[in-house]
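User: Hello! Could you take one part of this model and look at it closely, then show how it sits within the rest of the chain?

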Amino acid sequence: MDIIGNIENQLIKLQDISCFLEEGNFDDNLLQLAEKTAKILGASNCSIMLLNDGESQNPRMRVCAGYGPLPAAAYKESVRKGEGIAGHVVATGKSLFIEDINKSEFANRARRTNDPHKSLLCSPIRINTSIAGVVNVTGCDNEASFKPHDLNLLDVIALFIGKSIQTIQLQNILN
């Protein structure tokens, strides 16, 4: 597929996520968002981590939804700001594109060292001016690694995820 066709296809998929109607429970909606995100980016894995554990001054983040293979232990761990790769994204508030984890400053933080996919993308999930969590994407299906333009797309998706979370929370309050 040529680059224009690929961009058009991604925009159509992005429109699909923007029209996502939050029905059902919060966990199911997050799972659907993780799946849609992975499919839009042509990835085999996506996880959504939200800040919701710990004290208000030092919240912890945990995986709340995932798509693709993810070890069961990942759902039990919680991460503080600055810990691990996702914690780094929360602490800096900046998205992260890593072409090869083994050749990056984060090599010592890699968890799945035997995974043949070495590229990953992380983007902060924002609700208004606050960071609510991080969306992580790994396992690029089509190529050896993601490309920088994939991170731009993930940043837009992260905005939709933040707005979806906010909408779900507001609907729960109203109900």
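Analyst: Happily! Let me begin with a term: a residue is buried when its relative accessible area is under 20%, exposed when it is over 50%, and partly exposed in between, using a 1.4 Å probe and protein chains only. The model is a predicted one, in which local features need pLDDT of at least 70 and side-chain atom pairs count only at pLDDT 80 or more, while totals for chains, interfaces and linings use all residues. Residues are numbered from 1 along each chain as its sequence is written, and side-chain values use heavy atoms, with hydrogens and water left out.

The part I have picked is the pair of strands E5 and E6, together with the helix H4 that leads to one of their partners. Helices (H or I, at least four residues) and strands (E, at least two) are DSSP runs numbered from the N terminus. In helix H4, which covers residues 84-92, the buried residues are Ile85, Ala86, Gly87, Val89 and Val90. After H4 comes Gly93, with a positive phi near 75 degrees.

Gly93 brings us to Arg126, which belongs to strand E5 (residues 120-127). A polar atom of the Arg126 side chain lies 2.5 Å from the backbone oxygen of Gly93. That pair falls under the heading of polar contacts: two N or O atoms within 3.5 Å where, within protein, one must be able to donate a hydrogen and the other to accept it, and where residues adjacent in sequence count only if both atoms are side-chain atoms. Contact in general means heavy atoms within 4.5 Å. Apart from neighbours within four places in sequence, Arg126 is in contact with Gly93, Ile131, Ala132 and Gly162. From Arg126 to Val90 of H4, the C-alpha distance is 9.9 Å, with their positions 36 residues apart in sequence. Arg126 is partly exposed, because its relative accessible area is 31%.

Moving along the chain, we reach Asn128 in the loop between E5 and E6. Asn128 is not a glycine, yet its phi is positive, near 60 degrees. Most residues other than glycine have a negative phi. With a relative accessible area of 54%, Asn128 is exposed.

Ala132 sits beyond that loop, in strand E6, and is buried because its relative accessibility is 14%. Leaving out neighbours within four places, the contacts of Ala132 are Met49, Leu50 and Leu51, plus Ile125, Arg126 and Ile127. With Leu50, Ala132 shares a C-alpha distance of 5.7 Å, although the two are 82 residues apart in sequence.

Strand E6 runs over residues 130-140 and also holds Asn136. At 11% relative accessible area, Asn136 is buried as well. Its contacts beyond four places in sequence are Asn45, Cys46, Ser47, Met49, Ala86, Leu121 and Cys122. Among them is Ala86, one of the buried residues of H4.

Now for the setting. A nonpolar core is a set of buried Ala, Val, Leu, Ile, Met, Phe, Trp, Tyr and Cys residues joined through side-chain atoms within 4.5 Å. The largest one has 27 residues, and Leu30, Ile48, Val135, Val137 and Ile161 have the most contacts inside it. Both E5 and E6 give two or more residues to this core, as do helix H2 (26-41), strand E1 (43-54), strand E2 (59-67) and helix H5 (148-174). H5 gives the most, with seven residues. Ile161 is in contact with Leu33, Thr37, Ile48, Ile125 and Val135, once neighbours within four places are set aside. A second, separate core of 14 residues includes Val79, Ala86, Val89 and Ile101.

Finally, the whole chain. It has five helices and six strands, in the order α-α-β-β-α-β-α-β-β-β-α from the N terminus. Of its 175 residues, 42% are buried. Among contacts with a separation of 6 or more, 55% join residues 24 or more positions apart.
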